[in-house]
Amino acid sequence: MSRKIRVAVTGAGGEARWYMEAYKTCPDSELVLVQDIDPAKAREQGERLKVNWTTTFEDLLGPDIDLVDVSTPNHLHAEQTIAAHEAGKHVICQKPMAPTIRECDDMIAAARRNNRKLGLYMSSLGAPLFHEIKEMIREGFFGIISSVSSRGAHRGGYEAKDRTAWRGSAEKTGGGVFIQLAVHSLNLFQWLLDDDIVQVAALSTNRLCKHSIGGDDLTHAVAEFRGGVYGSFEAGYAAEGGLLALYGTKGSLVMTAGQTFLWSELPWDGDIIKYTPRGGKEMTVLDPADYGPRQARFAAKYDQHAAFVRAILEDAPVPVPGEIGRRDVAIVKAVYRSAQERRHVLIEEMG
Ligand SMILES: NC(=O)c1ccc[n+]([C@@H]2O[C@H](COP(=O)([O-])OP(=O)(O)OC[C@H]3O[C@@H](n4cnc5c(N)ncnc54)[C@H](O)[C@@H]3O)[C@@H](O)[C@H]2O)c1
């Protein structure tokens, strides 16, 4: 296939710095324009990547662009996505999809109206290790999954000085720490388990970051998946330490502090993970120095941007469609409603 998808990125000075290169290394795409409202950031990224740069969003809507990558703050996602779709562009958008369910619906409607592809960039799904863990779940390595657990956290809110940044605004983000951080694990576990969350119950507060965060700085939610798995989802802005864990009748996996702990009754000899049961029930620490290089060999295969570009060229489903982004925002909103109204909330209540 000789045609390359021509990509422009808006919000090039933020998180996009870490992945824009992918559009240059992917054989099916070329990065043609980077845009940021801050001229210094736009210029810096344009010069670094040796592509044209601009501060004007409308420059992304010209006929020489096929795909717009929206990596701006949450409150701009809907407006920019809809403008790009109306101009005939495909859109890949950062998480969370938008601050409100209504905006997600408007984005999906614009994509459909213009027959363009709309998807989310969920960075976790670019990790080959998670693709292997999904295969392990499917193959029964963990037995029947009983529960999953996650903690997404850092001290960003505690250390921030004031509320002027967009992350400090409940309106601009669509919440606080839970919409920013837990949306990753909500998406990841539903994908890993191939199952949807159907109800949630939550506590949510802002105890330690009132100076910098308008929404929540700590939220704990429990969730029930349709298939009966229970999940616990925590997000915090005042203390370090992340966690992802899943527990099954034959095996368990815990990822924390940069390490992966594994126990199972069964052996596994995958592309990335090698595991031999040792008889007892203690967990084995998998050494990232051991599996890291194996994982790196599959990085290109699972790159989310390259996969999105391929989906455009082949008119195939994108890795994380807008409907999934909308589903995850609805779950986040159900969590906030549950905390506010002090009751369990069914996801179907959210419309
Ligand atoms: N996938 C991940 O792991 C991950 C990590 C961080 C952030 N994010 C998401 O990425 C998005 C951006 O977050 P960030 O951390 O890069 O924020 P940021 O504030 O660090 O950067 C945002 C960039 O957008 C620019 N910008 C602001 N308004 C603009 C406009 N109108 N037009 C063009 N550019 C504009 C800013 O100048 C800045 O360079 C958010 O939706 C966030 O949730 C995802």
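## Helices beside the ligand

Two helices help to frame the ligand: H3, spanning 77-86, and H8, spanning 177-193, each contribute at least two residues to the shell around it. The model you are looking at is a predicted one.

The full shell holds 25 residues, and the closest of them are Glu15, Asp36, Asn74, Lys95 and Arg167. Sorted by class, the shell contains 14 polar residues, six charged ones and five nonpolar ones.

## Where the ligand sits

If you look for the largest pocket, you will find the ligand sitting there. Domain 1 (5-121) and domain 2 (127-301 + 330-341) both give residues to the shell, so the ligand lies between the two domains.

## Polar contacts and cover

Let's turn to some individual atoms. At Glu15, a backbone N or O atom lies 2.6 Å from an oxygen atom of the ligand. Asn74 uses its side chain instead: one of its polar atoms is 2.7 Å from a ligand oxygen. His77 also offers a polar side-chain atom, placed 3.1 Å from an oxygen atom of the ligand.

How much of the ligand's accessible area does the protein cover? On its own the ligand has 840 Å² of accessible area, and the protein covers 82% of that.

## Two backbone details to look for

Most residues other than glycine have a negative phi, and most peptide bonds are trans. With that in mind, here are two places worth a visit.

The first stop is the peptide bond from Lys95 to Pro96, which is cis, with omega near -20 degrees. Pro96 belongs to the loop that runs between strand S5 (90-94) and helix H4 (101-113). Lys95, on the other side of this bond, is also one of the closest residues to the ligand.

The second stop is Lys50, which has a positive phi of about 60 degrees although it is not a glycine. To find Lys50, look in the loop between helix H2 (39-49) and strand S3 (52-54).

How values were computed
Residues numbered from 1 in each chain as written. Predicted model: local features only at pLDDT ≥ 70, side-chain atom pairs only at ≥ 80, totals over all residues. Heavy atoms only, no water. Near = heavy atom within 4 Å. Polar contact = N/O pair within 3.5 Å; in protein donor to acceptor, adjacent residues only side chain to side chain. Areas by Shrake-Rupley, 256 points an atom, 1.4 Å probe, with all protein chains shown as cover. 1 Å grid on protein atoms, 1.4 Å probe; cavity = no way out; pocket = protein on both sides within 12 Å on 5 of 7 lines; lining within 4 Å. Sits in = over half its atoms within 2 Å of the grid points. Helix = DSSP H or I, 4+ residues; strand = E, 2+ residues; numbered from the N terminus. Nonpolar A, V, L, I, M, F, W, Y, C, P; charged D, E, K, R; others polar. Domains from an automatic or database assignment.
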